[in-house]
Amino acid sequence: FFFKQKTAYEIKECDWSSDVCSSDLGSAHTCALLDDWSVKCWGYNADGQLGIGATDSRGDSSSELDDALSAVDFGAGRTATQIAVGGHHSCALLDNSDVKCWGRNSVGQLGYGDIVNRGDGPNEMGSNLLAVEFPSGRSARSIVAGASHTCALLDNATVICWGANEYGQLGQN
């Protein structure tokens with residue numbers, strides 16, 4: 001892989017001169033947004049943070065990389081426009097402005113209002129992985145992830161965050 005960092009706005013205008021337009025790093029896993037708008041992740045996967053519906057790590061041998069890596073399934077016809085990778089979770093902003101997150105969810109960092117990991121078992125990705133719900137009528141424009149929290153910049157220029165808040169990282173006092 002040849003990595004070239006891009007901002008969310010540059011991705012929409014990416015010249016696609018390489019196979020990888022954007023990448024992001026977790027504590028022990030990496031995800032890349034490819035030139036076909038698919039996402040592939042590799043590395044440590046005990047919590048399903050690679051989004052492959054299993055917990056086996058990928059990428060520790062050359063036979064598990066490149067074309068051997070499975071793309072993350074976002075559902076029929078859905079592609080990613082941005083990725084954000086946290087400590088043990090991953091998220092994607094999709095082409096329809098939905099946000100889907102998977103991996104460790106011990107403190108609600110996936111944004112689903114529970115603490116259930118996703119992406120670590122069969123039938124948890126694709127259309128079975130629901131979109132994060134935002135306030136009525138709002139949609140995401142950009143996403144970022146920290147070690148155990150995630151934030152989205154919404155279409156009305158507000159920021160909403162979820163997950164761990166032991167140091168005030170959610171900005172909610």
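**View A. Strand β2 has side chains on two faces.** His29, Cys31 and Leu33 project to one side of β2, Thr30, Ala32 and Leu34 project to the other, and all are buried; buried denotes under 20% relative accessible area, exposed over 50%, and partly exposed the range in between, with a 1.4 Å probe and protein chains only. The strand is thus listed as mostly covered, six of its six residues being buried. The model is predicted: local features require pLDDT of at least 70, side-chain atom pairs count only at pLDDT 80 or more, and totals for chains, interfaces and linings use all residues. Residues are numbered from 1 along each chain as its sequence is written, and side-chain values use heavy atoms, with hydrogens and water left out.

**View B. Strand β2 pairs with β1 and with β3.** Strands (E, at least two residues) are DSSP runs numbered from the N terminus, and two of them pair if DSSP finds at least two bridges between them. Strand β1, residues 20–25, runs antiparallel to β2 over five bridges, and a hairpin of three residues joins β1 to β2. Five bridges also link β2 to β3 in the antiparallel sense. Thr30 in β2 stands opposite Leu25, and the bridge partner of Thr30 in β3 is Trp42. Four residues lie between β2 and β3 in their hairpin, where Trp37 in the turn has a positive phi of about 70 degrees.

**View C. The open sheet has the strand order β7-β8-β9.** The three strands pair in the antiparallel sense. At the edges are β7 (140–145) and β9 (159–163), each pairing on one side only. Neighbouring strands of this sheet are turned by 20 degrees against each other on average, direction ignored; the axes are lines fitted to C-alpha atoms, and angles run from 0 to 180 degrees between N-to-C directions. Five bridges connect β8 (residues 149–154) with β9, and Cys151 stands opposite Cys161 in β9.

**View D. The largest nonpolar core holds 29 residues.** A nonpolar core is a set of buried Ala, Val, Leu, Ile, Met, Phe, Trp, Tyr and Cys residues joined through side-chain atoms within 4.5 Å. Val39, Phe74, Val99, Trp102 and Phe134 touch the most other members. At least two residues of this core come from each of β2, β3, β4, β5, β6, β7 and β8. Another core, of five residues, lies apart from it and includes Val20, Ala32, Trp42 and Leu69.

**View E. Phe134 and Trp162 form a tilted aromatic pair.** Rings of Phe, Tyr and Trp (its six-membered ring) pair if their centres lie within 6.5 Å; planes under 30 degrees apart count as stacked, over 60 as edge-to-face and the rest as tilted. Here the centres are 6.1 Å apart and the planes meet at 55 degrees. Phe134 lies in the loop between β6 and β7 and Trp162 in strand β9, so the pair ties together parts 28 residues apart in sequence. Phe134 is buried at 16% relative accessibility, as is Trp162 at 10%.

**View F. Salt bridges join Asp95 to Arg78 and Asp155 to Arg138.** A salt bridge is a side-chain nitrogen of Lys or Arg within 4 Å of a carboxyl oxygen of Asp or Glu. Asp95 and Arg78 meet at 2.9 Å, N to O. Asp95 is in the loop between β5 and β6 and Arg78 in the loop between β3 and β4, so this pair ties together parts 17 residues apart in sequence. For Asp155 and Arg138, the closest N and O atoms are 2.7 Å apart.
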